[in-house]
Amino acid sequence: MGIQPRPTSSLLKEAMWLAIDLERMKNADAVFDIGMICGEIKHAFLWRTGNRYEAEPFIRHFFESYASHFRDPKKTFREITMRNSFYMALTELRIARNDYL
């Protein structure tokens with residue numbers, strides 16, 4: 001899949017990528033945090049590859065992996081996917097206001 005950029009809020013250990021974002025930790029919709037991570041992933045790929053769709057397989061894998069820990073993974077995946085767009089857009093807008101980009 002070509003270049004695999006990592007967002008700055010992540011760890012890579014023994015070929016396992018862990019996403020961590022504690023910047024605004026609070027009690028809220030769980031998809032809020034997932035959306036922030038996905039927004040960071042999307043931005044990392046867009047910034048480094050110029051292709052806004054390059055991150056999609058990785059985001060899908062992230063959702064599938066997250067949803068697999070729930071009783072009904074397919075239902076959880078659908079719910080995450082439906083709500084994620086809003087939170088991901090908020091994250092991309094937050095990133096866009098950075099002067100250094």
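A salt bridge is counted here where a side-chain nitrogen of Lys or Arg lies within 4 Å of a carboxyl oxygen of Asp or Glu. By that criterion the structure, which is a predicted model, holds 5 salt bridges. Three of them are set out below, followed by an account of the helices that carry them.

| Salt bridge | Closest N and O atoms |
|---|---|
| Arg83 with Asp29 | 2.7 Å |
| Glu40 with Arg94 | 2.7 Å |
| Arg60 with Glu64 | 3.1 Å |

**Salt bridges**

Arg83 pairs with Asp29, their closest N and O atoms being 2.7 Å apart. This pair links distant parts of the chain, with Arg83 in helix 3 and Asp29 in the loop between strand 2 (16-19) and helix 1, 54 residues apart. Arg83 has a relative accessibility of 36% and therefore counts as partly exposed, and Asp29, at 25%, also counts as partly exposed.

Glu40 forms a salt bridge with Arg94, and here the closest N and O atoms are 2.7 Å apart. Distant parts of the chain are again linked, since Glu40 belongs to helix 1 and Arg94 to helix 3, with their positions 54 residues apart. Glu40 and Arg94 are both buried.

The bridge between Arg60 and Glu64, with its closest N and O atoms 3.1 Å apart, lies inside a single element: the two residues are 4 apart in helix 2, and so are separated by about one helical turn. In general, an α-helix has 3.6 residues a turn, so residues three or four places apart point the same way. Arg60 is partly exposed, with a relative accessible area of 47%, and Glu64 is likewise partly exposed, with 37%.

**Helix 3 and its packing**

Helix 3 has 24 residues, which at 1.5 Å a residue should span 34 Å, and the 33 Å between its end C-alpha atoms agrees with that expectation. The helix nevertheless contains a kink of about 45°, centred on Asn84. Asn84 is itself one of the buried residues of helix 3, which also include Thr76, Phe77, Ile80, Tyr87, Met88, Thr91, Arg94 and Ile95. These buried residues pack against helix 1 (30-49) and helix 2 (56-67).

Thr91 gives a local view of this packing. It lies in helix 3, and because its relative accessibility is 2%, under the 20% limit, Thr91 counts as buried. When residues up to four places away in sequence are left out, Thr91 touches Gly35, Met36, Gly39 and Glu40. Glu40 in this list is also the salt-bridge partner of Arg94.

**A nonpolar surface patch**

Helix 3 also contributes to the surface. Leu93 is found in this helix, which covers residues 73-96, and Leu93 is exposed, with a relative accessible area of 60%. Together with Phe86 and Leu90, Leu93 forms a nonpolar patch on the surface, and the three residues have about 320 Å² of accessible area together.

**Helix 1 and the residue after it**

Helix 1, one of the two helices against which the buried residues of helix 3 pack, has 20 residues and reaches 29 Å from its first C-alpha to its last, close to the 28 Å expected at 1.5 Å a residue. Just after this helix, Gly50 takes a positive phi of about 80°.

Technical notes. Residues numbered from 1 in each chain as written. Predicted model: local features only at pLDDT ≥ 70, side-chain atom pairs only at ≥ 80, totals over all residues. Heavy atoms only, no water. Patch = residues over 30% accessible without salt bridge, like charges linked within 9 Å, V, L, I, M, F, W, Y side chains within 5 Å. Areas by Shrake-Rupley, 256 points an atom, 1.4 Å probe, with all protein chains shown as cover. Buried < 20%, exposed > 50% of the residue type's maximum accessible area, 1.4 Å probe, protein only. Expected span 1.5 Å × (residues − 1). Bend = angle between axes of the 7 residues up to and from the residue. Contact = heavy atoms within 4.5 Å.
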